Amino acid sequence: MCGIVGYIGNNQAAPFLLDGMSKLEYRGYDSAGIAVYEKNHIRIDKCVGRLEALRQKIAGNLPEGTVGIGHTRWATHGRPSDVNAHPHADSSGQFVVVHNGIIENYMALKEDLISKGHKFISETDTEVVAHLMAEYFTGNFEDTVKKVLKMIEGSYSLVFMCAKEPDKLICTKKSNPLVIGLGNGENFIASDIPAIISKTRKTFIMSDGEIATVTKDGVWVQDIDGTPISKKVFEVNWNAEAAEKGGFEHFMLKEIYEQPKAVRETMRGRLAKTGDAIEFSELNWTAEEFKDINKIFIVACGTAYHAGVVGKYYLEKMARIPVEVDIASEFRYREPIIDGSCLAIFVSQSGETSDTLEAMKESKRLGARTLAVTNVVGSSISREADQVVYTYAGPEIAVASTKAYTTQLLVMLLLSIYVAQLRGTITQERVAELVANIKEIPEKINRTLENVEQIKVFAKRYGSCEDAFFLGRSLDYAVALEGALKLKEISYIHAEAYAAGELKHGTLALITEGVPVIVLATQPHVYEKTISNLREVKAREAIVIGIAVEGDTEMAKHADHVIYIPHADGELAPLMAVLPLQLLAYYAALTRGCDVDKPRNLAKSVTVE
Ligand code: F6R
């Protein structure tokens, strides 16, 4: 996710900007740049790669000036490149902007500006904002910002510079973070507190729709109609490391709590305004085009593979097309029967996993159509694929994947509905029903996370066990796989997931007194059967923690403990059911004193076979 910094004061801006950006590196980025008002013009220096590359580029020739903005870019529109890096300017160089988020209507705005003679040099949505400032400049910087904000749609935090009024920076936000730091004769802007904490602890958080005009002597906040807003200034009492994690003890926990926002970003622009269709503007498939596809492969590793297992259920149920899910490292060496009549979907958070990448190359070689589902724009897998769908989860830092998984599930669900629409295997009424339910997911994720206190107790009580089992049928089995992986990788408790009906074919021998068994029972069509399997393990004196849907009165009669998730369409339950399992793994790992964000032997991105 992009990082923003801004400085205005009596000191040189560039050293602060570079230092502040380094404190935002944890957000993930692929390019960096700064703009400083130097000798009557705004000088921009930017390049692809790490901050170090930018430092080297300007070493010995640092821009001189006391007003500036800086940006670390995490690509969303346009690949990582020098020209796509921020800051962006209009053609005259008088209006400069940095942006975190997505301008959804940028294409329409860009076409209009091009028709008015504007020339664009980048592939980004952000450049449009700088050109809008130039096109609609009223003679007053602040008024023009307000005018432009009325034209743009989407999510953003934005900081504007104007060479005609270099004594101020103007910033605003909608659904993306922005904080202001207050100093003596200097003021600061940043995406997050770590960037400014070395300079000031006096700060306030911008709210959506607020516009701040920042000078070296003060900050004036108003809404778009000019109504003044008084902000509550507070003293930061965290240290820099804690601040990077937004006050959470670990990145994993932060990322678990980021899931409502992450899924909101994933669905953005993909639910038709009419409420009865799914759209993927990046695919734009037609029914005719899809007619030749008679089989789908989903190929991935680890957590992404588990999202693929859920995807298989969705696609087969809704689009009525056969789906094979493969572990990437197996797929490559099993001589897969795949050709031009197949669509092969590769799921990868990082977009760099070498087994997944190589499997994609092999599928292409055999003539299949390839689609990447990834979180990282410009990653190897996104470049290699014929087409790409991004999950927009924001950077995931913790080794254990959480928000990447839920956003992959959502993409799988949306894709399945989309393919079902093309194949005519779903009614418009059913799509409308699903869309209405999908819109409620962020709020339902929040509600599910409220179970945290109950889960902490279970983690303490059972955290010393050496084995655990996860059972479920249908979609619950797919989620059980992910629950077991989470527990294994960060708490080092041996955990296995089984299709509940499979247990008595051997594994039941391992179920003895006191063994924790987590039973997921969120799928109505297999509910009774799951409860029968639960009773089988209970009869062996296992400790059963049930995951059930609110309103279920049966589960509590059989399980030792029950964690309830909000009621939702069965298809959507995995998006909620996995959350208690993530929290359980996290708190079990804490109980056992494990290094949650960096589990032993594991790496975030696996680029070796
Ligand atoms: C587990 C985890 C891994 C990854 C796997 C694939 O929490 O994160 O299992 O899912 O290494 O990584 P990507 O999705 O980057 O291809």
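This short presentation covers the ligand site, one buried glutamine, the nonpolar cores and one enclosed helix of a predicted model.

Let me begin with the ligand. Its shell consists of 13 residues, and the closest are Ser348, Gln349, Ser350, Thr353 and Glu489. By class, the shell divides into four nonpolar, seven polar and two charged residues. Three polar approaches to ligand oxygen atoms deserve mention. From Ser348, a polar side-chain atom lies 2.6 Å from an oxygen atom of the ligand. For Thr303, the atom concerned is a backbone N or O, at 3.1 Å from a ligand oxygen. In the case of Gln349, a polar backbone atom is 2.6 Å from an oxygen atom of the ligand. How much of the ligand does the protein bury? Taken alone, the ligand exposes 400 Å², and the protein buries 89% of that. Two elements give two or more residues each to the shell, namely helix H10 (302-319) and helix H18 (475-491). Of the contributors, H10 gives the most, with three residues.

I turn next to Gln408, which belongs to helix H14, residues 403-423. Is Gln408 buried or exposed? Its relative accessible area is 3%, and Gln408 is therefore classed as buried, the cut-off being under 20%. Beyond its sequence neighbours up to four places away, Gln408 touches Thr303, Ala304, Ala307, Val347, Ser348, Gln349 and Thr391. Among these partners, Thr303, Ser348 and Gln349 have already appeared in the polar approaches to the ligand.

Now to the nonpolar interior. The largest nonpolar core has 128 residues, and those with the most contacts inside it are Trp285, Ile296, Ile345, Leu415, Ile438 and Phe470. Helix H21, residues 573-591, supplies the largest share of this core, at 14 residues. For Leu415, setting aside neighbours within four places in sequence, the contacts are Phe280, Leu283, Trp285, Ile345, Leu371 and Val373. There is also a second, separate core of 24 residues, which includes Val67, Cys171, Ile180 and Ala212.

Finally, helix H4, residues 127-135. Why may H4 be described as largely enclosed by the rest of the structure? Because seven of its nine residues are buried. The buried residues of H4 are Glu127, Val128, Val129, Ala130, His131, Leu132 and Met133. Their cover includes three strands, S5 (88-89), S6 (95-103) and S7 (154-162), together with helices H3 (106-115) and H5 (141-149).

That concludes the presentation.

Definitions and conventions
Residues numbered from 1 in each chain as written. Predicted model: local features only at pLDDT ≥ 70, side-chain atom pairs only at ≥ 80, totals over all residues. Heavy atoms only, no water. Helix = DSSP H or I, 4+ residues; strand = E, 2+ residues; numbered from the N terminus. Buried < 20%, exposed > 50% of the residue type's maximum accessible area, 1.4 Å probe, protein only. Contact = heavy atoms within 4.5 Å. Near = heavy atom within 4 Å. Polar contact = N/O pair within 3.5 Å; in protein donor to acceptor, adjacent residues only side chain to side chain. Areas by Shrake-Rupley, 256 points an atom, 1.4 Å probe, with all protein chains shown as cover. Nonpolar A, V, L, I, M, F, W, Y, C, P; charged D, E, K, R; others polar. Core = buried A, V, L, I, M, F, W, Y, C linked by side-chain atoms within 4.5 Å.
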